[in-house]
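Here is a friendly briefing to read alongside the structure. Have the viewer open and follow the topics in order.

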Amino acid sequence: MIIAVILILIVIIILLMVYNMSIHKKIANFNNLNEKVTNLNILQDFMDTISKTSSVEEKIEQINNIIIERYQIKYSTIVIYDGTKYIVKASNVDQKHWDALSSLSDLEAEQVFKESIETSIPKYITVEKEGDRLPYQKMEFARAKSAIFFPLYIDNVYIGYWLIEGAQPHEFDSIDTTMLEVIRNNIVSILKTVTSQKIVESLVRDDKYSTLKTVEYLYGEGRKTIDLYTTSTVCMFRIINIEEINEDISRKTGDKVITKICEVIKSNLSNQYIFVRYMGPKFVIVFSGIDKAATSSFIKQMKDDVEALEIEPVDVEFEDAEDVVAKPKINVIISTYYKGTALEGVLKKQEEYLDNADKNESKITEL
């Protein structure tokens, strides 16, 4: 009888062990799934940041804030090479320490991160006791006691690093480095994405004769204003006889025509609307948040005002000078832009229409 009870107890114990193992496995799977969902949510936050109509600097700053908040990291710093030097693009560390944080790639004394940069393997360093300091620290003792250095590469080219720091010795001893590698890869992906935007932003110029921003402004800073609204009206116009003015009168007269046209339009245009020189004789006005019907009277008046201009010749004389004036003519196309769609696609269609229209066409067309 006793043996039977013992056997029953043994069986019960075995069943409980199996059950506990099953529960443990389920909990582990749940935690793993939960971590994956969390990482996916954070990745979605990263993607949302990319799609926002903000500058490259703002996007990198937002990404760093997401890392700090969602992963509960004490300090996070992203440093990027700008072509001449390493600069801190985002950090929640006091700015007085930025000089030290931006020089981790060129340390000569310790060269603590040299191997990490060469191999692309993260480098973890920590102090052993409170009185110690990390090798790259100059004048600071109390702020950071642990750090992990992640070199950043785009197409095998070293472009900077991501540094996380903790306030306690050995703070990152048990941290999930796989998760941190995922974050690093996401940072690199985002930097690759915003590189194109940075190039576009750097191409923005002030046009000499129109004194307007060039078209690149629309795709960067200008788009922040445009995308505050669900829909906007895009107006592109072409000075259809500018080549004729250049050839028959003078190039300087043609330049003056462009200046006068832009002065007339800007004097009547609200500051909330964006006016840029698109290319050559083509110009673009974006009426942010305004539908086509509401812009029709302004555009008609604009066309009338422009075509009423009479510009005297510049640096050229004619026998019947009194009869020689430059009278600009424009052809206008308007379209609706919807937030989140391709603005460049709208402009391309408008440009194609104006380029393929009859060279003497001078009207207002809706596309």
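Strand 1 (residues 75-81) and strand 5 (residues 157-166) run antiparallel and are joined by six bridges. Please keep in mind that this is a predicted model. Its chain has 367 residues, and 42% of them are buried. The secondary structure comes to 11 helices and 11 strands. Among the contacts with a separation of 6 or more, 64% are between residues 24 or more positions apart.

**The five-strand sheet**

- Strand 1 and strand 5 belong to an open sheet of five strands, with the order 2-1-5-4-3 and antiparallel pairing.
- Strand 2 (86-91) and strand 3 (123-126) each have a single partner strand, so they stand at the edges and one side of each is left without a neighbour in the sheet.
- From one strand to the next, the twist averages 20 degrees.
- For a residue-level handle on the pairing, take I80, whose bridge partner in strand 5 is G160.

**Aromatic pairs and a cluster**

- How many aromatic pairs does a search of the whole structure find? The search gives 14.
- One of these is Y153 with Y158: the ring centres are 5.5 Å apart and the planes stand at 55 degrees, so the pair counts as tilted.
- The two tyrosines fall into separate burial classes: Y153 is partly exposed because its relative accessibility is 21%, while Y158 is buried because its value is 17%. The cut-off for buried is under 20%.
- F237 and F283 make a stacked pair, with 5.3 Å from centre to centre and 15 degrees between the planes.
- F237 sits in strand 7 and F283 in strand 9, so this pair ties together parts that are 46 residues apart in sequence. Both F237 and F283 are buried.
- Y153 and Y158 are also members of one aromatic cluster, together with Y81, Y86, F113, Y136, F149 and Y161.

**The six-strand sheet**

- Another open sheet has six strands in the order 6-8-9-7-10-11, and its pairing is mixed.
- Which strands are at the edges of this sheet? They are strand 6 (213-214) and strand 11 (364-366), each of which pairs on one side only.
- Five bridges link strand 8 to strand 9 in the antiparallel sense. V276 has V284 of strand 9 as its bridge partner.
- Helix 10 lies across strand 7, strand 9, strand 10 and strand 11, and runs at about 160 degrees to strand 10.
- R238 is a residue of strand 7. The C-alpha atoms of R238 and N331 are 5.4 Å apart, although 93 residues separate the two in sequence.
- Beyond its neighbours within four places in sequence, R238 is in contact with E243, P281, K282, K329, I330, N331, L354 and D355.

**Nonpolar cores**

- In soluble globular proteins, nonpolar side chains tend to be buried together.
- The largest nonpolar core here has 28 residues, and F237, F275, I285 and M302 are the ones that touch the most other members.
- Strand 7, helix 8, helix 9, strand 9, helix 10 and strand 10 (330-338) each give two or more residues to this core. Helix 9 provides the largest share, five residues.
- What surrounds F275, leaving aside its neighbours within four places in sequence? F275 is in contact with L212, F237, C262, I265, K266, L269, F283, V284 and I285.
- A further core of 23 residues lies apart from the largest one, and includes Y71, F150, M179 and L180.

**Helix 9 under its cover**

- Helix 9 (residues 251-268) has 18 residues, which should span 26 Å at 1.5 Å a residue; the C-alpha atoms at its ends are 27 Å apart, so the expected and modelled spans agree.
- Its buried residues are T253, G254, D255, V257, I258, I261, C262 and I265.
- An α-helix has 3.6 residues a turn, so residues three or four places apart point the same way. V257, I261 and I265 are among the buried residues of helix 9.
- Which elements are part of the cover over these buried residues? The cover includes strand 7 (231-239), helix 8 (242-248), strand 8 (274-279), strand 9 (282-287) and helix 10 (292-307).

Key. Residues are numbered from 1 along each chain as its sequence is written. This is a predicted model: local features need pLDDT of at least 70, side-chain atom pairs count only at pLDDT 80 or more; totals for chains, interfaces and linings use all residues. Side-chain values use heavy atoms; hydrogens and water are left out. Helices (H or I, at least four residues) and strands (E, at least two) are DSSP runs, numbered from the N terminus. The expected span of a helix is 1.5 Å times one less than its number of residues. Buried means under 20% relative accessible area, exposed over 50%, partly exposed in between (1.4 Å probe, protein chains only). Contact means heavy atoms within 4.5 Å. Rings of Phe, Tyr and Trp (its six-membered ring) pair if their centres lie within 6.5 Å; planes under 30 degrees apart count as stacked, over 60 as edge-to-face and the rest as tilted. A nonpolar core is a set of buried Ala, Val, Leu, Ile, Met, Phe, Trp, Tyr and Cys residues joined through side-chain atoms within 4.5 Å. Two strands pair if DSSP finds at least two bridges between them. Axes are lines fitted to C-alpha atoms, for helices over the stretch in contact, and angles run from 0 to 180 degrees between N-to-C directions.
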